[in-house]
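Trainee: I should like to request a close examination of a single part of this structure, the packing of one pair of helices. Please then place that part in its wider setting.

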Amino acid sequence: MTVLAQMGTPLQRNLMGIYTIWLREVRKFWRDKSRIIGATVQPALFLLLLGTGIGRGIPQAFQVQHGAQEFLPGVKDYLTFIYPGIIAMTILFTSVFSAISIIWDREIGFLKEVMVAPISRWAVAIGKTFGGSTVAMLQGCLMLLLAPMIGVKLTVGTILALLPLLLYISFSLTAMGIAAAAQMRSMQGFTVIMNFLTLPMFFLSGAMFPVGGLPAWMDILVKVNPLTYGVDIIRAVVIGYNNYAPLFDLYVIGLFGLLMLAMAVLAFSERE
Amino acid sequence: MTEMIEVEHLHKVYKTKTGFHTAVRDVSFSVRKGELFGFLGPNGAGKTTTINILCTLLKPTQGKAALNGFDILKHPHAVRQSIGLVFQEPSLDERLTARENLEFHALLYNIPKTLRAERIHQMLAMMELEMRQDELVRHFSGGMKRRLEIARGLLHHPKVLFLDEPTLGLDPQTRSYIWNYIHELKSKGEITLFLTTHHMDEAEHCDRIAVIDHGEIIALDTPDSLKKTIGGDVIYLTTQNPKAAKEEIAHRYAVQVHEDPPKGLHFEMTHGAEFIPGFIREAGFKITSISVRRPTLEDVFLKLTGRKLREEQPDSLNLMKSHARMKKR
């Protein structure tokens, strides 16, 4: 039968579907220059204003333990310390909010075009996740351009190590966004819920302050927060400071990502 | 295989807050290969639900359906590859160009690389969109978008093209334009067309029509045969005393007389033109106007349901929706 001949194997079809959905996300990201600029300027301002302000404005708080030489052993100053944290923040926000494209697609009716295509629902979920994470990784990479201004030296080797790492973390976080977006109908609702989730995730990740010596209740929240391990490993690669073993970081992020991806796939398959 | 679509005892029940709503009730029919088949019925009659089931977007509560020989539950992907869809509501990515929308579709349906460019070119040419293929779809008019959707639906050479209210919200000129395309497609004889409409004049174009109301098929035949179920012609008349006239006519000619306030009274009569002179002579009431007309599908629907299949108002809800969307951008 001609229809069957045209279809190819299910795996072939689904891989093609994933690629197609990925391509659309990346192409639309690239086309939307104002979005790229906005998503770059915001964390840059955050870094420069907050980093400089807190670092210079309230030095006493940090000098008690360590003296005036360094912010932390091996970390020159506060700005250097939060730089990897801000990269993680950029990835977090971009990942989660790229998932909004699902709600947008539903609103404009385009999701139907995808849903009646001869590909599996899980391929749709994975394609969306890959698309969003690629966008988040690219956005995170733009933050690397700030390194010279902060006084952080990045070697070619560091950058090459960072690319797959940023993609890995992005994938995990995008899967979280997709899992949430697949359940939601309104953009406003999604934005509210996601702000409610991402801000505490960011604050409790050790992006803005060292995680040693926190009160017990906060320590627990920091440790169950998957972003903590993302910040930790980016910091390990960028400025060589970390609290956990890098392999452990990767393990936690990967596990969280798989769990979220499973939820995203399930949410897509369940929908009629 | 001459039957392209076979549907047997299809049921769809939705759970609602207050209980259950049966959207499709024991629907059975089949569509032949190459046929232009229409679903005629008011909004909410179950047309779109049935299409969504056939397209594997919805699962039936009960019943069986096969399309192009594939069972919709067992081989959904083969069914999907066999069909093209033009949805009631727009489903294009307006931030991509016309060509990109088609490229996306070609990739999703796994059209071989060697064929892709050629097919896209063919479809754009057929729908007369070549000149604007690299423009963003958001700058397109409603008619152009609908044409692009038809082009997209045909791109992977489906066996069946579903058109859910293909001319909804389009101006009359664009409507006849779209219908020319549909006839052109049909004349090639390779594709089966399945459309839904609540416009009588559009249903007239179909080879066969299923009249659907409250989730049930209440009649299924060619437009001509359906119209023959009306006893001849329809006589319309206005009078200053409709009540008395209604009684008198019903009594004297043993027919059912319908009252339709702005238009007056109407009833069915064989050989209407010959009937009128005698009727006027014998009438015991003053006739202000009278006319005779061949029966339409509207009359068929009225006869079957006792209700009129009213024209939709230019759907104010949808207008508001699209307006709200524009604002968000």
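**A helix pair in chain A**

Mentor: In this predicted model, helix α2 (residues 10-31) of chain A packs against helix α8 (residues 121-142) of chain A at an angle of about 35°, and their axes lie 8 Å apart. The crossing of α2(A) and α8(A) is right-handed. These quantities are quoted because two packed helices are described by the angle between their axes and the distance between the axes.

The residues that meet may be taken helix by helix. On the α2(A) side they are A:N14, A:G17, A:I18, A:T20, A:I21, A:W22, A:R24, A:E25, A:V26 and A:F29. On the α8(A) side they are A:A123, A:V124, A:I126, A:G127, A:K128, A:F130, A:G131, A:G132, A:T134 and A:V135. By class, this contact comprises 10 nonpolar, 7 polar and 3 charged residues.

Helix α8(A) also leads to the interior. A:K128 and A:G132, which take part in the contact with α2(A), are in contact with A:I178 as well. Leaving aside neighbours within four places in sequence, the other contacts of A:I178 are A:A99, A:I102, A:A125, A:T129 and A:A264. Both A:I178 and A:A264 are among the residues that touch the most other members of the largest nonpolar core, a set of 140 residues. A:A88, A:L92, B:L67, B:A151 and B:F162 belong to that group too. Helix α5 (residues 78-98) of chain A gives the most to this core, with 14 residues. A second, separate core has 7 residues, including B:V234, B:A245, B:I249 and B:L265.

The two chains also touch, and their contact takes 22 residues from chain A and 25 residues from chain B. On the chain B side, α2 (76-82) and α3 (98-108) are the elements that give two or more residues, and α2(B) supplies the largest share, 5 residues. That side divides into 12 nonpolar, 6 polar and 7 charged residues.

Chain B itself completes the setting. It has 12 helices and 14 strands, and its C-alpha trace spans about 75 × 45 × 40 Å along its principal axes. Chain B is divided into domain 1 (3-226) and domain 2 (231-294), with 41 Å separating the domain centres, taken over C-alpha atoms. Of the 329 residues in chain B, 39% are buried. Among contacts in chain B with a separation of 6 or more, 69% join residues 24 or more positions apart.

Methods
Residues are numbered from 1 along each chain as its sequence is written. Chains are lettered from A and ligands numbered from 1 in the order in which they are written. This is a predicted model: local features need pLDDT of at least 70, side-chain atom pairs count only at pLDDT 80 or more; totals for chains, interfaces and linings use all residues. Two residues are in contact if their C-beta atoms, placed from the backbone, lie within 7 Å. Helices (H or I, at least four residues) and strands (E, at least two) are DSSP runs, numbered from the N terminus. Ala, Val, Leu, Ile, Met, Phe, Trp, Tyr, Cys and Pro count as nonpolar, Asp, Glu, Lys and Arg as charged, and the others, Gly among them, as polar. Domain bounds come from an automatic or database domain assignment. A nonpolar core is a set of buried Ala, Val, Leu, Ile, Met, Phe, Trp, Tyr and Cys residues joined through C-beta atoms within 7 Å. A residue is buried if 20 or more other C-beta atoms lie within 10 Å of its own, exposed if 12 or fewer, and partly exposed in between; C-beta atoms are placed from the backbone. Axes are lines fitted to C-alpha atoms, for helices over the stretch in contact, and angles run from 0 to 180 degrees between N-to-C directions. A crossing is left-handed if the near helix is turned anticlockwise from the far one by less than a right angle, and right-handed if clockwise.
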